[in-house]
Amino acid sequence: MKKLKFLTYSMIALMLIFSVACEGEEGAIGPAGIDGINGIDGTDGQDGNANVNTYTYDLSTMTGSIWQINAPQLTQDVLDNDGILCYVRRSNIYYPVPGTAFNDEIKVNLVLNASWLYFYNRMSGANITPTVGTYDLFKLVIIESSSTSSGRTSYSPTQRIQNELENAGVDINNYEDVMDYYGLEY
């Protein structure tokens with residue numbers, strides 16, 4: 001039994017010696033790292049309306065003075081409640097519709113109906129027939145209204161959206177400005 005006790009005490013002593021021997025001195029503190037760049041703390045902006053959709057229609061083969069485009073997105077609910085902006089592209093330049101395109105040469109108008117756009121050209125009050133390829137794209141931008149029309153109700157939904165954009169400093173006649181404002185691709 002003395003032997004067992006001796007062996008036990010010897011083992012404990014050896015373990016203590018080894019555990020103390022494994023510890024080394026604490027090293028010096030390393031150099032400080034480079035400070036990170038502080039961010040800029042901005043103020044929160046007004047919540048936007050994420051429900052904006054752009055639809056593109058190919059006009060490159062259209063001819064005649066009146067064009068009809070099937071636009072099933074134009075439901076009666078959209079016509080009654082949402083803002084609608086339209087643009088036509090000619091020579092890689094977008095023109096607002098209704099409006100004047102190509103150096104005041106062509107007046108571009110449209111009539112919106114549920115599911116259909118009637119797109120026609122007029123110059124000095126007379127219909128003209130653009131040649132194939134005069135216009136290559138038509139863009140329809142539907143902006144879901146985020147207001148419940150509290151206040152003046154004499155404005156159309158499109159007029160309310162146009163007023164909102166103009167108040168935000170966005171030129172609604174400039175297609176790129178509108179796309180940038182809503183974070184949409186050209």
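Biologist: Which order do the four strands of the open sheet have?

Modeller: Start with the general idea. Strands of a sheet pair through backbone hydrogen bonds, either parallel or antiparallel. In this predicted model, the order is β1-β9-β3-β4, and the pairing is antiparallel.

Biologist: Which strands stand at the edges?

Modeller: β1 (52-58) and β4 (93-97) do. Each has a single partner strand, so one side of each is left without a neighbour in the sheet. From one strand to the next, the twist averages 25 degrees.

Biologist: Which helix packs on the sheet?

Modeller: Helix α3, residues 157-167. Helix α3 touches β3 and β9 (137-143). The direction of α3 makes about 75 degrees with that of β3.

Biologist: Let me look at one pair of strands. How many bridges join β3 and β4?

Modeller: Five bridges, in the antiparallel sense. Strand β3 covers residues 83-90. For a landmark, find Arg-90: it stands opposite Ile-93 in β4.

Biologist: Now the charged side chains. How many salt bridges does a search of the whole structure find?

Modeller: The idea first. Side chains of opposite charge can pair when their charged atoms come close. Here the search finds one salt bridge. The side chains of Arg-89 and Asp-136 meet in it, at 2.8 Å from N to O.

Biologist: Which parts does the pair tie together?

Modeller: Arg-89 lies in strand β3, and Asp-136 in the loop between β8 (126-127) and β9, so the pair ties together parts that are 47 residues apart in sequence.

Biologist: Is Arg-89 buried or exposed?

Modeller: Buried, because its relative accessibility is 18% and the cut-off is under 20%. Asp-136 has a relative accessible area of 23%, so it is partly exposed.

Biologist: On to the interior. Which residues touch the most other members of the largest nonpolar core?

Modeller: Leu-59, Leu-74, Cys-86, Val-88, Phe-138 and Leu-140. This core has 18 residues. β2 (66-70), β3, β4 and β9 each give two or more residues to it. Another core, of 15 residues, lies apart from it. Its members include Ile-161, Ile-172, Tyr-175 and Met-179.

Biologist: Last, confidence. Which element has the lowest mean pLDDT, and which the highest?

Modeller: The general rule: where pLDDT is low, the predicted coordinates should not be read in detail. Among the elements here, helix α1 (residues 2-22) has the lowest mean, 56, and β1 the highest, 91. The protein averages 74, and 60% of the residues score at least 70.

Conventions:
Residues are numbered from 1 along each chain as its sequence is written. This is a predicted model: local features need pLDDT of at least 70, side-chain atom pairs count only at pLDDT 80 or more; totals for chains, interfaces and linings use all residues. Side-chain values use heavy atoms; hydrogens and water are left out. Two strands pair if DSSP finds at least two bridges between them. Axes are lines fitted to C-alpha atoms, for helices over the stretch in contact, and angles run from 0 to 180 degrees between N-to-C directions. Contact means heavy atoms within 4.5 Å. pLDDT is the predictor's confidence in each residue, from 0 to 100. A salt bridge is a side-chain nitrogen of Lys or Arg within 4 Å of a carboxyl oxygen of Asp or Glu. Buried means under 20% relative accessible area, exposed over 50%, partly exposed in between (1.4 Å probe, protein chains only). A nonpolar core is a set of buried Ala, Val, Leu, Ile, Met, Phe, Trp, Tyr and Cys residues joined through side-chain atoms within 4.5 Å.
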